[in-house]
Amino acid sequence: MRKALSLLLTLALLAGLLTACGGKEPEYSGPSYASLKVGEDYTDLTAELRIITNRTDLIQEDPDNRDFTDFVKEFNELYPNITIKYEGITNYNDDMTARLSSKDWGNICMIPQTVMLPDLSLYFHPLCALSEIEADYNFATNRAYDGQVYGIPSTGNAQGIIYNKKVAEAAGYTSENLPKTTDDFLKFLQDIKDNTSAIPLYTNFAAGWTMTAWDAYIYGGATADPDWKNITMPQTKDPFADRGDGTGAYAVYKLLYDAVSLGLTEESPTATDWEGCKPMINNGQIGTMVLGSWAIIQMQQAGPNAADISYMPFPITQPDGKQCATAGADYCFGVNKYDSEDSKIASMLYIKWFTESSNFAYDQGGVPVLKSQEYPPTLAAFDGIELIEDTAAPTELASLQADVNRESELSLDSDQTHVQRIVEAVVTGSETFEDIIADWNTRWNDAVDRCAPAQ
């Protein structure tokens, strides 16, 4: 019932967006994002910008760490007449999707995952041609459609596992012998349980949204196939089936099921605490958490033991011995298509400065947006790991992944219910892992049939 209500809400919101965003945006004759020279162009421009962000942790001024207040001050040294205010949203995808139904929601936002590629032009200003930036920018295709870029990545994420090095060392592990398969990882968790007082794997079940992180590992990192997510999987039957070689989506989700079954997670999943887990892993009360690289800095800044927080690749190894990790864009900046020309130019100037000059990706432990930028030390364990970016689907298949995902009612990457179901199945004994996989495959197969592109 909860899933059905969630689906109905999403469909209703999207229907509202399509209705409310009709009409023609202001004419734009200004420069493209790619052609702007920050610090040289439009230095006397006056504008007021409101930026909507998911990073609520960076809204408040922090005397010990760089936050959005600092970024604005630095930008204003170049553009003193552009006033910028940030607004944070906790339940970002749902709330921002609803806000897009109004043309005056703000000037810049992080584009919600609910907006499908063909619909980007309904809400967001085309920043530049893809061909203008794809040679220099990682993840340039993430929010591009039909050759136009509508979103610029704020940073890139490598998908791995946060862990406490001191806890790992107490269990007998260093950077030289980290687990590379799911069986090895389960042994790693058991060794943590046997040799320390730390919770081996913290699920963050109660927070909900945190559990969608598991979906990010089932694509290129688990298959070594960059086409899997957007091209192959939405045309494939039984994508969750056991491959028999420790790879693929089955292996990813089975790891969670087994960890809970073996008592290697917290005692009460419903009592987990997202904010509380940060100091807990910092001080060694938690051994590991499955989260994207975006979370590393938050865990390091949550206590005095930043040096103890590290990051490892997700433990899946291909039959040929290769280990891969999915790397992709975090939320992307989008500019309101209904803004005035001056506001659009001001927005693009700030986004370009933020992307190319603020060092945000490095500071946050993320994969850099500019290909020329340096990787942060937090990703040192990924040396020798093949980072795989999901291939963008061709225009004729651009919405297929989203269509199949929605029709299946699994809502991979955006709704946590299906992942929470794995934990609930163990705790309540209501169903087996094979029951869950069979249901997911049935749902996906039916959706593939319904959404199959016309021949």
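Which residue follows helix 15, and what is the sign of its phi? The residue is E409, and its phi is positive, near 65 degrees.

Before I continue, please note that this is a predicted model, in which local features need pLDDT of at least 70, side-chain atom pairs count only at pLDDT 80 or more, and totals for chains, interfaces and linings use all residues. Residues are numbered from 1 along each chain as its sequence is written, and side-chain values use heavy atoms, with hydrogens and water left out.

Helix 15 spans residues 400–407; helices here are DSSP runs of H or I with at least four residues, strands are runs of E with at least two, and both are numbered from the N terminus. Its buried residues, meaning those under 20% relative accessible area with a 1.4 Å probe and protein chains only, are L400, Q401, D403, V404 and N405. Helix 9 (228–232) and helix 17 (433–451) are among the elements that cover them.

In the loop between helix 15 and helix 16 (417–428) lies D413. Phi of D413 is also positive, near 75 degrees, in a residue other than glycine. Because its relative accessibility is 24%, D413 counts as partly exposed, that is, between the buried limit of 20% and the exposed limit of 50%.

A224, in the loop between helix 8 (220–223) and helix 9, is another residue other than glycine with a positive phi, near 60 degrees. At 22% relative accessibility, A224 likewise counts as partly exposed.

Definitions and conventions. Contact = heavy atoms within 4.5 Å.
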